[in-house]
Amino acid sequence: MSLTLYNTLTRRKETFEPIDPARVRMYVCGPTVYDYAHIGNARPVIVFDLLFRLLRHHYGAAHVTYARNITDVDDKINARAAADYPDLPLNEAIRRVTSATEKQFHDDIAALGVLPPTVEPRATEHIEEMKRLCEALVTRGHAYVAQGHVLFDVSSMPDYGRLSNRSLEEMEAGARVEVAPYKKGPMDFVLWKPSKPGEPAWPSPCGIAEPGRPGWHIECSAMSEKHLGPIFDIHGGGIDLVFPHHENEIAQSRCAHGTPVMARVWMHNGFLQVEGEKMSKSLGNFITIHELLETRKFGASPWHGRVVRLAMLGTHYRQPIDWTAERLLQARATLLDFADLIASAEPAAAPNADVIAALSDDLNTPSALSIVHGLAKSARRNPEAAGELRATLEFMGLYGGETRSDLNVGVESVNVDAAQIEALVAARLAARKAKDFKESDRIRDELAALGVSLKDAKDPKSGEIITTWEVAR
RNA sequence: GGCCACGUGGCGGAGUGGUGACGCAGCGGACUGCAAAUCCGCGUACCCCGGUUCAAUUCCGGGCGUGGCCUCCA
């Protein structure tokens with residue numbers, strides 16, 4: 001079965017053909033660890049986790065390498081560290097910020113059913129590789145040194161701007177920022193820059209005497225090369241990274257290695273809005289993954305990670321998505337329904353083939369979920385279908401053994417005394433048998449007031465009425 | 001200002017040059033003492049205006065709306 005992916009480079013869907021099927025390689029831009037990851041950050045993490053799972057399905061788990069980096073050197077980290085730990089030396093403060101944030105990130109996304117990537121490189125552990133890239137770019141005439149900076153010379157690359165589909169002339173005409181005086185061209189960007197006293201600093205490359213630190217884009221070029229090679233299969237991230245980040249990554253890697261492409265397929269997930277508005281701290285609708293999972297800040301309830309994941313996958317990854325409490329509510333109702341169907345099912349050996357086919361068409365999750373609903377329908381009758389439903393949900397990361405009450409995390413629930421309920425249910429059944437429907441309805445109302453709802457069913461063999469109950473809320 | 005996405009029924013959301021995916025909600029029916037659950041059935045939806053075509057929601061052009069990037073925010 002073939003896999004089709006939309007490639008930002010060519011602006012169309014293409015049949016995916018790995019460079020080496022025995023080692024399929026994907027790189028995705030990970031978080032900058034200075035604060036809780038927000039719900040917009042969660043989108044690429046979930047989307048590319050699903051692609052990782054699909055690639056493993058197609059090529060074998062041992063034949064896929066997925067690298068997702070941690071950016072732990074950045075001005076925002078420095079600022080945060082100085083603000084949070086004013087009494088500590090900056091480097092110690094930075095270490096505290098990055099390690100705590102990294103742990104938080106891992107906890108958050110594990111709850112979303114995200115598998116660990118094959119490698120998770122950190123920027124600070126690849127400084128030497130970045131410096132070597134700087135040296136190579138200067139040697140090859142694609143970069144120059146000016147006032148302690150190493151700068152990429154965009155005029156040295158004829159097809160700079162191909163990914164974002166914009167020409168140098170357009171960019172310069174539209175530029176609204178003041179150009180630093182040491183730049184040769186206005187679009188030239190920083191590969192390495194001097195550090196101020198107290199800031200993280202490393203010995204500089206390219207004969208620069210003063211210590212410095214890397215620019216933003218260079219880390220991904222260095223880490224992807226080290227872990228995946230100079231040319232690899234898939235590079236992913238949010239659509240807002242297309243320019244300048246990915247464009248500059250491409251420029252650095254291709255010019256340093258003299259290669260025609262960096263990654264063959266570039267994939268970008270669409271942007272996320274919250275309740276119809278851009279998410280921003282000033283609008284007060286900024287929502288972190290942590291808050292979604294652990295607090296009642298959004299939609300008056302905490303939300304189970306699988307619910308968040310389903311809500312995210314309900315929209316195709318390239319479409320814009322409007323993050324609302326309503327869609328979380330719907331996702332939870334769906335998962336609750338599935339949980340009942342598969343709790344006791346023996347998982348099938350493989351996920352449903354039609355679901356795989358839908359996902360293999362550029363990760364068409366809405367279409368895949370439509371097939372999943374069909375599976376759920378059969379599962380009400382057929383235990384085998386229930387097993388297939390279970391295997392499929394597990395494959396998509398939408399089921400990990402959660403019970404109803406797990407999924408209903410934080411939902412106001414009445415404390416029920418099971419023995420008391422059972423007694424009332426039995427009393428109602430007795431009243432029904434005696435055709436005392438007034439009394440049986442009274443008991444049902446009494447149970448409803450306790451938050452317990454009843455389902456009557458006939459035993460198919462004996463014809464006896466069997467009543468099951470559950471806490472509705 | 002430049003570049004780029006998106007606009008589908010009450011809501012969410014695929015897809016397609018010609019028989020209206022799927023989910024939620026709603027309506028009708030079956031089942032039930034009545035319900036719940038379940039099952040069956042039900043919707044003249046494709047932002048506006050032109051154009052191409054035998055035929056456009058789907059292609060092209062224009063407009064409007066929303067959003068993204070051009071300022072190290074996924």
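What is the handedness of the crossing of α4 and α7? In this predicted model, the crossing of these two helices is left-handed. Two packed helices are described by the angle between their axes and the distance between the axes. For helix α4, which spans residues 127-139, and helix α7, which spans residues 242-257, the axes come within 9 Å of each other and cross at roughly 65 degrees. Because angles of 65 to 115 degrees count as roughly perpendicular, α4 is described as roughly perpendicular to α7.

The contact between the two helices is formed by L133, A136 and L137 on the side of α4, which meet Q252, C255, A256 and H257 on the side of α7. Divided by class, the residues of this contact comprise five that are nonpolar and two that are polar, whereas none is charged.

Two features of the backbone were also noted, one of them in a helix and the other in a loop. The peptide bond that joins F243 and P244 is cis, with an omega of about 0 degrees, and P244 belongs to helix α7, the helix that α4 crosses at roughly 65 degrees. N165, although not a glycine, has a positive phi of about 60 degrees, and this residue is placed in the loop that runs between β6 (149-152) and α5 (168-174).

The surroundings of RNA strand B comprise 49 residues, of which K76, K193, W216, G238 and L241 come nearest to the strand. Of the atoms of RNA strand B that come within 4 Å of the protein, 59% belong to sugar and phosphate. With respect to secondary structure, helix α12 (residues 365-379) contributes the largest share of the surface near the strand, namely five residues. With respect to residue class, the surface near RNA strand B is made up of 12 nonpolar, 20 polar and 17 charged residues.

Individual polar contacts involve the phosphate, sugar or linking, and base parts of the strand, as the following pairs illustrate. A polar backbone atom of H316 lies 2.8 Å from a phosphate oxygen of RNA strand B. For R166, a polar side-chain atom is found 3.4 Å from a sugar or linking oxygen of the strand, while for S440 a polar side-chain atom lies 3.4 Å from a base oxygen of RNA strand B.

Conventions. Residues numbered from 1 in each chain as written. Chains lettered and ligands numbered in written order. Predicted model: local features only at pLDDT ≥ 70, side-chain atom pairs only at ≥ 80, totals over all residues. Heavy atoms only, no water. Axes fitted to C-alpha atoms, helices over the stretch in contact; angles between N-to-C directions. Helix = DSSP H or I, 4+ residues; strand = E, 2+ residues; numbered from the N terminus. Parallel < 35°, antiparallel > 145°, perpendicular 65-115°, else oblique. Left-handed = near helix turned anticlockwise from the far one by under 90°. Contact = heavy atoms within 4.5 Å. Nonpolar A, V, L, I, M, F, W, Y, C, P; charged D, E, K, R; others polar. Near = heavy atom within 4 Å. Polar contact = N/O pair within 3.5 Å; in protein donor to acceptor, adjacent residues only side chain to side chain.
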